[in-house]
Amino acid sequence: MIKVTIDDVEVEVAEGTTILNAARMIGGDVVPPAMCYYSKLPDTGGKCRTCLVEVAAGSTKDPRPMPKLVVSCSTPVQDGMVVKNKTSERVHENRGAVVEFLLINHPLDCPVCDQVGECHLQDLGFEHGAEKTRYEEERRTFDPIDIGNKIKLHMNRCILCYRCVAVANQLTDKRVHGVLHRGEHAEISTYIESAVENDFSGNMIDVCPVGALTDKTFRFKSRVWFLKPMEAECECTKCSGKVVVWQFGNEIYRVTARKDRYGEVEDQDGKAGWICNDCRFDKKDLSDWNIIGPRTIDRHSVISQGNYESPRTSIKKVK
Amino acid sequence: MGRRLLLEHDNVAGIETFDVYRKNGGYRSVEKALKSMSPELVLEEVQKSGLRGRGGAGFPTGMKWSFLAKPEGVPRYLLCNADESEPGTFKDRYLMEKIPHLLIEGMIVSSFALGANQSYIYIRGEYMWILDILEKAIAEAYDKGFLGKNILGSGFDHDLSVAPGGGAYICGEETALIESLEGKRGNPRMKPPFPAVKGLYGCPTVVNNVESIAAVVPIINDGGEEYAKIGLGKSTGTKLISACGNLVRPGVYEIEMGITVEEFIYGDDYCRGIANGKKLKACVPGGSSVPILPHYLVTKTAAGEDRLMTYESLADGGFASGSMLGSGGFIVFDEDQCIVRNTWNFARFYAHESCGQCSPCREGTGWMEKVLHRLEHGQGNLRDIDLLAEINKKIEGNTICPLGDAAAWPVAAAIRHFRDEFEWHVNEREESQKRNYGLIREPQSIA
């Protein structure tokens, strides 16, 4: 076990742990935001640069600070490392810049986006974004492509986190989509328009941090905060069958995996609780499920900020 | 004219063939290394020579080699980075086109030092005709027993192949090169682990520039100490410089490190001055990604000393008043050139070549390109200039690979030294579309 200090809180972690995971052990607002890293998917991370932190001291052996900000999701901790996240002005400034970069070409069509309330970019923008954009150019758009009758790809909203590519690589037996082109024009696509159909392809929706991949069986049906999340389970031969059903009255509007406060699927029976497409898209009847009880959703997101009880404070924040 | 170690025989007829190359002293270093030296001894000579990576970063080659992990039973690879795509740089092209055997000879000796039984030359997709030249030369080397099993009876086996890229600048970044060579999309990898530990196919790998590998040949022939005698301080040996722009005689020159920049631009042995009797306006001394220097900082440093063609002297003054030797792509601008247009051109290149993996580079390079496009076309505002400075500060250092830095530096430097010209483009919109700004004045503090 080695010791690392993050924002003046000391924690003991196993060797090889990344800074981000060490911060998650502490919890609270010490944890840097992560848009592309997904702990249940190996080889993700390093791309979005929102989890940049300052290393004030490399280790006990070599206490020099690191000259550049480092990505906490893929930098392993050293014994005696001192990390600054929320206490560093530099981190604050550069994270704000990354959020600005992510938002310049984002359509900001939140009013018609199904991800609202669960969107990590919305949270990030709320915490670190500027009130006004400095971007005067036309926003980038892509031609829409059809990737099947279950999943909707809305490329204009994509932040290219590569998580869905990792899902297709690691959970399905054949990946048919990927990143085409490069630079600004890079896009998630299937090379020759074909449907992304696979027993586990629906998990792409769960891992997408923004509204680029949404559930076609749930599109435009309801806002997530009007729904009642309930833990449910069923006998499934393909997956654990442990899910969250989102009900409106006695109707099931959508089914998702059980996610933790970082938006990542929780472990079920000792392994990541990915769910299969049958459970997600086809079992929309109450008789399909054994309802266990209400699901507590972490209320750290934007949704809980727009608190109707105190309209005045929320107006102040918007200004 | 100084000593020429690499391009000594570049004008000998038929030097691209094995027989002529051999007659002119070729493959001596292979014989010397394989027959009379141990791999450790070769490494030692390279370390003694003080050779620094010629691809741009200037990292000592011997030190890079010494970092190579050597676990038992795991193959090691040597990769030659011939993905020369930096605007303004064409030295490797000349070398491979003229004397392909020099590179092959260097590859064999370097691989021997590293214990690599397989090496690859990753060549830029646009250099297809050089691919043919190299393959022909490799076939000759196999034929004469300098490649293949048991080379010259030494027991050392070595196979060399050429792999063409798909024409992406980003594949010149060593980990993107490795990805591309593995047949994947050329996205740079996260570091650590470094290629020296986990590179091609997860095995320890060294990636070197064409010129660095070629320079191993004279180092082994004459000894590392002899090589280190050429040059100045930590910049040893000779360097290929590809000079282009408004020069009387542009081209590839082999210089001894330590000649003055003035001699290089105006000297009779080299570029012979600015073309058409014009005046020098600015110079990018090391390929498009290094900071641009205004005319008053090209031949003299800010402290008033002569600027020399060495890693240290060109970087004198840091980014405030210096630049970098980089890959040796020496671009010269005369008084008729527009710096704003040139900066936009560079920015357009980096926006086009960004791999799109990490957000600051993907979004930032495109943003800079659009703002510069507006400025150049007389649609900019004064606040755009500050915005540009702000954007490139936020890209620099926050990206996975150095492409973000490479995109940010030229824009930052252009604004630093040529702010007057940028402002003129905003204040005199119509005028700026008709004529160029001309020479900028020297700041009082420096004169």
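The largest nonpolar core, by which I mean a set of buried Ala, Val, Leu, Ile, Met, Phe, Trp, Tyr and Cys residues joined through side-chain atoms within 4.5 Å, has 85 residues, and the residues with the most contacts inside it are B:Leu79, B:Phe264, B:Ile292, B:Phe330, B:Leu375 and B:Phe422. Helix H17 of chain B, residues 403–427, gives the most to this core, with 10 residues; helices here are DSSP runs of H or I with at least four residues, strands are runs of E with at least two, and both are numbered from the N terminus. A second, separate core of 66 residues includes A:Cys158, A:Val167, A:Cys236 and A:Ile252.

Before going on, I should say that this is a predicted model, in which local features need pLDDT of at least 70 and side-chain atom pairs count only at pLDDT 80 or more, while totals for chains, interfaces and linings use all residues. Residues are numbered from 1 along each chain as its sequence is written, chains are lettered from A and ligands numbered from 1 in the order in which they are written, and side-chain values use heavy atoms, with hydrogens and water left out.

Let me turn to a sheet in chain B. It is open, with 5 strands in the order E8-E7-E11-E9-E10 and mixed pairing, where two strands pair if DSSP finds at least two bridges between them. The edge strands, each pairing on one side only, are E8 (251–256) and E10 (293–294). Strand E7 of chain B, residues 238–245, runs antiparallel to E8(B) and is joined to it by 6 bridges, with B:Thr238 standing opposite B:Glu256.

In chain A, A:Glu231 has its place in strand E10, residues 228–233, and its side chain makes a polar contact of 2.9 Å with the side chain of A:Arg295. A polar contact is a pair of N or O atoms within 3.5 Å; within protein, one must be able to donate a hydrogen and the other to accept it, and residues adjacent in sequence count only if both atoms are side-chain atoms.

Finally, the cysteines: how many disulfides are there over all chains? With a disulfide taken as a pair of cysteine sulfur atoms within 2.5 Å, the count comes to 0. For A:Cys158, the nearest cysteine sulfur, that of A:Cys161, is 6.4 Å away. The sulfur of A:Cys234 is 3.9 Å from that of A:Cys279, its closest, which is too far for a bond. A:Cys158 counts as buried at 13% relative accessibility, as does A:Cys234 at 15%, where buried means under 20% relative accessible area, exposed over 50% and partly exposed in between, with a 1.4 Å probe and protein chains only.
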